[in-house]
Amino acid sequence: GVLGGMGYDVFWSMRFLELLEFRQRHGHFLIPQNKTLGMWVRKQRHSFQHGLLSSERRGSLMASGLEFDLLRRDWDAKFQ
């Protein structure tokens with residue numbers, strides 16, 4: 001399979017750690033959407049907005065500081 005026998009939980013955890021490392025290096029979550037990590041983040045945001053994430057994953061992503069409502073973020077940024 002795509003994950004080479006690796007369970008999805010392990011794959012998710014690896015991507016999450018990659019996300020945290022990206023933020024630590026760059027100071028933000030503005031990941032290019034054409035990169036594997038960017039596509040993963042887009043999928044997590046979509047899953048979050050549609051209630052498809054487990055409470056554990058939702059909590060981890062929220063604790064990381066990842067924003068889920070990008071339209072609101074952009075709107076708020078214009079008025080700060």
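**Exercise 1. The buried ring pair**

Both W12 and F16 are buried, where buried means under 20% relative accessible area, exposed over 50% and partly exposed in between (1.4 Å probe, protein chains only). Before you start, note that this is a predicted model, in which local features need pLDDT of at least 70, side-chain atom pairs count only at pLDDT 80 or more, and totals for chains, interfaces and linings use all residues. Residues are numbered from 1 along each chain as its sequence is written, and side-chain values use heavy atoms, with hydrogens and water left out.

Task: work out where W12 and F16 lie and how their rings are arranged.

Solution.
- Step 1. Place the residues: W12 and F16 both belong to helix 1, 4 residues apart, about one turn of the helix. Helices (H or I, at least four residues) and strands (E, at least two) are DSSP runs, numbered from the N terminus.
- Step 2. Recall the rule: rings of Phe, Tyr and Trp (its six-membered ring) pair if their centres lie within 6.5 Å; planes under 30 degrees apart count as stacked, over 60 as edge-to-face and the rest as tilted.
- Step 3. Search the whole structure, and 4 aromatic pairs turn up. In the pair W12 and F16, the ring centres are 5.4 Å apart and the planes stand at 10°, so this pair is stacked.
- Step 4. Look for a wider group: W12, F16 and W40 form one aromatic cluster.

**Exercise 2. Two helices that cross**

Task: describe how helix 1 and helix 2 are oriented to each other, and list the residues that make their contact.

Solution.
- Step 1. Choose the descriptors: two packed helices are described by the angle between their axes and the distance between the axes.
- Step 2. Fit the axes, which are lines through C-alpha atoms, for helices over the stretch in contact, with angles running from 0 to 180 degrees between N-to-C directions.
- Step 3. Read the values: the axes of helix 1 and helix 2 come within 10 Å and cross at roughly 110°. That makes helix 1 roughly perpendicular to helix 2; angles under 35 degrees count as roughly parallel, over 145 as roughly antiparallel, 65 to 115 as roughly perpendicular and the rest as oblique.
- Step 4. List the contact (heavy atoms within 4.5 Å): helix 1 brings Y8, F11, W12, R15, F16, E18, L19 and F22, and helix 2 brings T36, L37, W40, V41, K43 and Q44.

**Exercise 3. Is R15 buried or exposed?**

Task: classify R15 and name its contacts beyond its sequence neighbours.

Solution.
- Step 1. R15 sits in helix 1, and at 17% relative accessibility R15 counts as buried.
- Step 2. Leaving aside neighbours within four places in sequence, R15 is in contact with T36, L37 and W40.
- Step 3. Check one of these partners: R15 and L37 are 22 residues apart in sequence, yet 6.9 Å apart in space, C-alpha to C-alpha.

**Exercise 4. The nonpolar core**

Task: find which residues have the most contacts inside the largest nonpolar core.

Solution.
- Step 1. Build the core as a set of buried Ala, Val, Leu, Ile, Met, Phe, Trp, Tyr and Cys residues joined through side-chain atoms within 4.5 Å.
- Step 2. The largest such core has 14 residues, and L19, L37, W40, V41, L61 and L66 have the most contacts inside it.
- Step 3. Trace the sources: helix 1 (8-26) and helix 2 (36-49) each supply at least two residues of this core, with helix 1 giving the most, 5 residues.
- Step 4. Follow L19, which touches F29, I31, L37, W40, V41, L61, S64 and L66, not counting residues up to four places away in sequence.
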